[in-house]
Amino acid sequence: MSLKENYLNEVSLLKNERIERVIEAAKVEFSLNGIQNSKLRVIAKKAKVGEASIYRYFKDKDDLIKIVALSYWQNHGNLFDDYYYGQVVNKDNGLKKVEVSLNIFHYLYKNHKDFLKFVEDYDNYFANEELTSDNNSFQDIINSLKRKFVTVFNEGISDGSINPKFDGEEMYSFVSQVMVSTTQKLGNSNERYHKDDPSYPTKCISELINMFVEYIKL
């Protein structure tokens with residue numbers, strides 16, 4: 001099956017009402033207990049379907065996770081494209097484009113903590129598996145984000161705003177892991193640790209971005 005056929009097949013699953021219930025129940029369960037600790041029987045109960053129904057639509061838990069990932073992206077994908085083409089590409093140099101691209105984590109922190117938690121859990125769950133575009137469409141989308149980041153990073157190297165000793169792909173891996181993990185943890189700990197200073201998470205995200213920009217600039 002080609003990548004396009006695989007993508008269309010996955011998207012068609014999202015349009016099935018019973019499958020949609022399973023996907024939404026899985027999102028709730030993953031958010032509450034994490035992907036690793038979530039059980040298909042519990043998800044089936046939340047979705048009010050038989051456990052056998054899940055296996056009718058999904059090969060296994062991994063298959064369900066990948067479709068949940070695609071569902072999340074169906075809801076959030078335009079956000080990244082709109083931000084990239086509306087806020088990033090028109091900046092003066094590569095360094096500024098990298099900085100502005102990372103500012104999206106402020107918006108994600110405020111509005112999409114569930115998505116951030118899922119992305120971190122997803123990465124941790126499949127940490128020992130080499131995911132490619134052939135595995136699932138969500139990975140192809142993640143790869144497209146990586147390409148955008150590497151493109152503006154390399155632009156910064158070319159225009160002299162970013163130190164050429166750094167590798168764009170390595171920096172993407174570093175910053176994506178650090179930013180996703182930190183932003184997600186700030187979201188989880190906000191009520192417990194930041195009552196006296198509600199602006200602390202925003203300041204922390206800003207400082208993290210500033211440190212990275214200072215580190216890579218020429």
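1. Lys96 has a relative accessible area of 37% and is therefore partly exposed, the band between buried, under 20%, and exposed, over 50%. This is a value from a predicted model, as are those in the points below. The side chain of Lys96 forms a salt bridge with that of Glu99, at 3.6 Å from N to O. Both residues belong to helix H6 (residues 94-102), where they sit 3 residues apart, about one turn of the helix.

2. The salt bridges number 9. Another one of them joins Arg21 to Glu17, with 3.0 Å between the closest N and O atoms. These two residues are 4 apart in helix H2 (residues 17-37), so about one helical turn separates them. Arg21, at 29% relative accessibility, is partly exposed; Glu17, at 47%, is also partly exposed.

3. Lys46 and Glu29 also form a salt bridge, the closest N and O atoms lying 3.8 Å apart. This pair connects distant parts of the chain: Lys46 is in helix H3 (residues 40-47) and Glu29 in helix H2, 17 residues apart. The two ends differ in burial: Lys46 is partly exposed at 40% relative accessibility, whereas Glu29 is buried at 5%.

4. Ile205, in helix H11 (residues 200-216), has a relative accessible area of 1% and so counts as buried. Beyond its neighbours within four places in sequence, Ile205 contacts Phe105, His106, Tyr109, Met179, Thr183 and Leu186. For one of these, Met179, the C-alpha separation from Ile205 is 7.9 Å, with the two positions 26 residues apart along the chain.

5. Thr183 lies in helix H10 (residues 168-193). Its relative accessibility is 1%, so Thr183 is buried. Which residues does Thr183 contact, leaving aside neighbours within four places in sequence? They are Phe105, Tyr109, Leu116 and Ile205. The Thr183 side chain also comes to 2.6 Å from the backbone oxygen of Met179. Phe105 and Tyr109 thus appear in the contact lists of both Thr183 and Ile205.

6. For the chain as a whole, the secondary structure consists of 11 helices and 0 strands. Of its 218 residues, 47% are buried. Among contacts with a separation of 6 or more, 69% are between residues 24 or more positions apart. The exposed area is about 12,000 Å², and carbon and sulfur atoms supply 47% of that area.

Notes:
Residues are numbered from 1 along each chain as its sequence is written. This is a predicted model: local features need pLDDT of at least 70, side-chain atom pairs count only at pLDDT 80 or more; totals for chains, interfaces and linings use all residues. Side-chain values use heavy atoms; hydrogens and water are left out. Buried means under 20% relative accessible area, exposed over 50%, partly exposed in between (1.4 Å probe, protein chains only). Contact means heavy atoms within 4.5 Å. Accessible areas come from the Shrake-Rupley method with a 1.4 Å probe; for residues, only the protein chains shown count as cover. A polar contact is a pair of N or O atoms within 3.5 Å; within protein, one must be able to donate a hydrogen and the other to accept it, and residues adjacent in sequence count only if both atoms are side-chain atoms. A salt bridge is a side-chain nitrogen of Lys or Arg within 4 Å of a carboxyl oxygen of Asp or Glu.
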